Amino acid sequence: MCFLDILKTYLKESEERLLSPLVYAYIGDAVYELFVRNKIITENPNLTPYLYYLRTTMYVKASSQAIAIKKLYEELDEDEKRIVKRGRNAKPKTIPRNARLSDYKYATALETLIGYLYLENNIERLNYILSQTYDIITEEYTNAKNSCQQY
């Protein structure tokens, strides 16, 4: 049994109610970062580790995640919206130095949704949310880059 299967089995057996949104966000952060790293390596197999790091940070920083969840919000069903709101309203103990509080709260909301979908084993929906998030952030950076080149 894989270590992730052990966690999922434990949670299914021991939790009859929802977990803390910060627990979902903790798992969601890892799932999202692994997805982004895999995607970047697949799209750019010959970069140096430092360039992989730079590209990855573009996708995992709070401001990027905040943009993505705001654009995705209307596509979510009622349960997903409820999970996102719980994540956004969670009270974290710390806030990163390089993020605005509002961006951090929305990023936590996205990670909460990802963690929730992952632990619910809703893989099809999880892959859709991950892919859409990646595409939204890619489009945002492409548009920003193009607008800067015009001047």
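Is Asn121 buried, exposed or partly exposed? In this predicted model, Asn121 is partly exposed, because its relative accessible area of 47% falls between the 20% below which a residue counts as buried and the 50% above which a residue counts as exposed. Asn121 is found in the loop that connects helix H6 (101-119) with helix H7 (123-149), and its phi is near 60°, a positive value in a residue other than glycine. As background to that value, most residues other than glycine have a negative phi.

**Overall architecture**

The protein contains 7 helices and 0 strands, so that, read from the N terminus on, its elements follow the order α-α-α-α-α-α-α. Of its 151 residues, 36% count as buried. When contacts between residues at least 6 apart in sequence are considered, 69% of them join residues at least 24 apart.

**The packing of H5 and H6**

Helix H5 (residues 78-89) packs on H6 at an angle of about 135°, and the axes of the two helices lie 7 Å apart. That angle makes H5 oblique to H6, and the crossing in which H5 passes H6 is right-handed. On the H5 side, the residues in contact are Glu80, Ile83, Val84, Gly87 and Arg88, and they meet Lys105, Tyr106, Thr108, Ala109, Thr112, Leu113, Tyr116 and Leu117 on the H6 side. Sorted by class, this contact of H5 with H6 comprises 7 nonpolar, 3 polar and 3 charged residues.

**Salt bridges**

A search of the whole structure yields 7 salt bridges, and the table below lists some of them, including the N to O distance of each pair.

| Acidic residue | Basic residue | Distance, N to O |
|---|---|---|
| Glu33 | Arg37 | 2.9 Å |
| Glu74 | Lys81 | 3.9 Å |
| Glu80 | Arg125 | 2.8 Å |

The side chains of Glu33 and Arg37 meet in a salt bridge, and, because the two residues are 4 residues apart in helix H2 (residues 21-43), they are separated by about one helical turn. Glu33 counts as partly exposed at 22% relative accessibility, and Arg37 is likewise partly exposed, with a relative accessible area of 45%.

In the salt bridge between Glu74 and Lys81, the two partners fall into separate accessibility classes: Glu74 counts as exposed because its relative accessibility of 64% is over 50%, whereas Lys81 counts as buried because its relative accessible area of 14% is under 20%. Lys81 has its place in helix H5, and, when residues up to four places away in sequence are not counted, Lys81 touches Tyr73, Glu74 and Leu76. Glu74 is therefore both a contact of Lys81 and its salt-bridge partner, at 3.9 Å from N to O.

The side chains of Glu80 and Arg125 also meet in a salt bridge, at 2.8 Å from N to O. This pair links distant parts of the chain, with Glu80 in helix H5 and Arg125 in helix H7, 45 residues apart. Both Glu80 and Arg125 are buried. Glu80 also belongs to the group of H5 residues that meet H6, and Glu80 thus takes part in the packing of H5 with H6 as well as in the link from H5 to H7.

Conventions
Residues numbered from 1 in each chain as written. Predicted model: local features only at pLDDT ≥ 70, side-chain atom pairs only at ≥ 80, totals over all residues. Heavy atoms only, no water. Buried < 20%, exposed > 50% of the residue type's maximum accessible area, 1.4 Å probe, protein only. Axes fitted to C-alpha atoms, helices over the stretch in contact; angles between N-to-C directions. Parallel < 35°, antiparallel > 145°, perpendicular 65-115°, else oblique. Left-handed = near helix turned anticlockwise from the far one by under 90°. Contact = heavy atoms within 4.5 Å. Nonpolar A, V, L, I, M, F, W, Y, C, P; charged D, E, K, R; others polar. Salt bridge = Lys/Arg side-chain N within 4 Å of Asp/Glu carboxyl O.
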